[in-house]
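Let's work through a few exercises together. Have the sequence and the 3D view open, and try each task before you read its solution.

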Amino acid sequence: MKRIVEWLPALAVFVLVVGLWEGLVRALHVQQFLLPKPSTIVSVFWSDRHTLWPAGWYTFKEALGGFAIGSGLGILAATIVGRFRTLGTALMPIFIAANAVPIIAFAPIFGAWFNPISPRSKMAVAGVLCFLPVMVNTLRGLNSAKPRQIELMRSYAASELEIWRRVRVPTALPFLFTALKVASVLAMIGAIVGEYFGGSLNALGVLINNAADVFQFPLAWAGILVASLLGIALYGAVVAAERVVVRWAPDTRDA
Amino acid sequence: MLAHLRRAGIVALAVVVLVGLWELYHWIWATAGWTWPFAVNDTSMPHVWTIFKAFGQPAQVNQPSLINVLLHKTAFTAKEAAVGFAVGAVIGFVLAVVLVHSRLLQRGFLPYIVVSQTVPILAIAPMVVVWVNPKLPAPLQGWGAVAVIATYLTFFPVTINTLRGLQAADQRALELMRTYAASRWSVLWKLRVPSSLPYLFSALRLSATVSVVGAIIGELPTGLQNGLGGAIFNFNEYYSIEPQELWATDVIAAFLGIAFFVLVVMAEKALVRRAPENVA
């Protein structure tokens, strides 16, 4: 009951915004190609569901693959680099600089590497987008264990592996999940941007682009709605996993 | 001074190592004929020297050298990104200040601020341009719409992190100010804002990069030819013939992103004495 009350303001805002949007578009006679009515978008969303959802699923698989590969490699790299302190401090500026590179600019190159039509090129874009934040944040997390805790473990003659398992990994987990949440959003965006430079015809990004090109804006918006819903689903899955894994962390309800 | 030299040395060494790894990978995969994960040849991985030579040559006949063209395009994209960054940072900050004063507004709007980031902005960009462009005054035509897209990507990290920073003000200090009947305004400026600065800057570092991404993404579907996004789109068409031109453009784009990031870090060093490293 209390949770429903907490969500009431958000619900009110939703109803208000959608209502205003619908009302203004009707009242001001805004043209379809500028901004379709929410009711039109929802009806297209329903009537074209047999094209929209398979396309969404296709792109979602690309995003999911990229997310898994990129995050997995990020965690692996952070673990290796975190093991060797001097290597970590030497490489950190490089990773931070690499993190500031607009990876999107490299999307067409991944297309050229992995055949622009195949899902692999989109997985590569999504994967690289996910890799850097996960790697940098996990490394920060692994290195943020309190020296006193580590010294205490050492004084009990705990092995390095034991220290890693019982101190470093638990401290790193909140950092890791913060990065995974960022990565989950990036993965979907990466897949769709990758599709902008060519992709299979039944992919969501291609569908949205083609629809916008021929001024079928309600269909484009319905596609955007599908992309957002899938993005939210992936984000929600990470949040749920965090709740299960990181029980002790007091408040990690950040974005 | 010595520390600076050492750091510069490490960076230079790292660049040399990266170039070496690139060429080594190229050589091994090309001579062994391996095709996993992708076939290596002079098109898929042009030599580093080919890419750098491309800077000095004109991309098209009777044009100035590529580096000349690219620098102009970079200035254009940098303008879009900088304006988008500035506007997005201000909007993000104001939004956080408003939200910190009302639990009700936080509950009402925060979920949508998070959701707004899952919207694939590239897909919306053409429509944003159709809306925004006709309403812009002449000097802003074209690039103004792209700046709006950069703004959209920039405000989010700033809002979320500043809100966290404003809330992170010391509880005892808050109570003390209340016992002195301090106004909300002075609590905000004397306590909350200073305590939020480290959080704000860690968001600005992220936003600096994101604003460049937004500018490049915005240029792609808008068909704007004056910036790096347009150049990437064009050179992509000729990738199979002259891959080094796309690579050269991407190298410049990478430097632009890093430059924005470094500028924010320098501003942070000047303004905030000690920033916690761990605010993501």
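Below are five exercises, each with a worked solution.

This is a predicted model, so local features need pLDDT of at least 70 and side-chain atom pairs count only at pLDDT 80 or more, while totals for chains, interfaces and linings use all residues. Residues are numbered from 1 along each chain as its sequence is written, and chains are lettered from A and ligands numbered from 1 in the order in which they are written.

**Exercise 1. Find the secondary structure of each chain.**

Start with chain A: it has 10 helices and 0 strands. Here helices (H or I, at least four residues) and strands (E, at least two) are DSSP runs, numbered from the N terminus. Walking along the sequence of chain A, you read α-α-α-α-α-α-α-α-α-α. Now do chain B, which comes to 10 helices and 0 strands. Its pattern reads α-α-α-α-α-α-α-α-α-α.

**Exercise 2. Work out the extent and the domains of the chains.**

Along its principal axes, the C-alpha trace of chain A spans about 75 × 55 × 30 Å. For chain B, the C-alpha atoms fill a box of roughly 75 × 55 × 35 Å. Next, split them up, with bounds taken from an automatic or database domain assignment. Chain A gets domain 1 (1-30) and domain 2 (36-245), and their C-alpha centres are 30 Å apart. Chain B gets domain 1 (1-45) and domain 2 (56-271), with 31 Å between the C-alpha centres.

**Exercise 3. Check the span of α4 in each chain, then locate its kink.**

The expected span is 1.5 Å times one less than the number of residues. For the 15 residues of α4(A) that gives 21 Å, and the end C-alpha atoms are 20 Å apart, so the two agree. For the 13 residues of α4(B) (103-115) we expect 18 Å and find 19 Å between the end C-alpha atoms, so these agree too.

Now for the bend, which is the angle between axes fitted to the seven residues ending at a residue and the seven starting there. In α4(A), a kink of about 40° lies at A:L91, shortly before the proline A:P93. In α4(B), look at B:F109: a kink of about 35° lies there, shortly before the proline B:P111.

**Exercise 4. Describe how α3(A) packs on α9(A).**

First, the geometry: α3(A) (residues 49-83) and α9(A) pack at about 130°, with axes 7 Å apart. Axes are lines fitted to C-alpha atoms, for helices over the stretch in contact, and angles run from 0 to 180 degrees between N-to-C directions. The pair is therefore oblique, since under 35 degrees counts as roughly parallel, over 145 as roughly antiparallel, 65 to 115 as roughly perpendicular and the rest as oblique.

Then the residues: α3(A) brings A:A55, A:G56, A:Y58 and A:T59, and α9(A) brings A:L204, A:G205 and A:L207. Contact means C-beta atoms, placed from the backbone, within 7 Å.

**Exercise 5. Count the residues where the two chains touch.**

Chain A gives 47 residues and chain B gives 45 residues. On the side of chain A, the largest share, 9 residues, comes from α10(A).

Key:
Contact = placed C-beta atoms within 7 Å.
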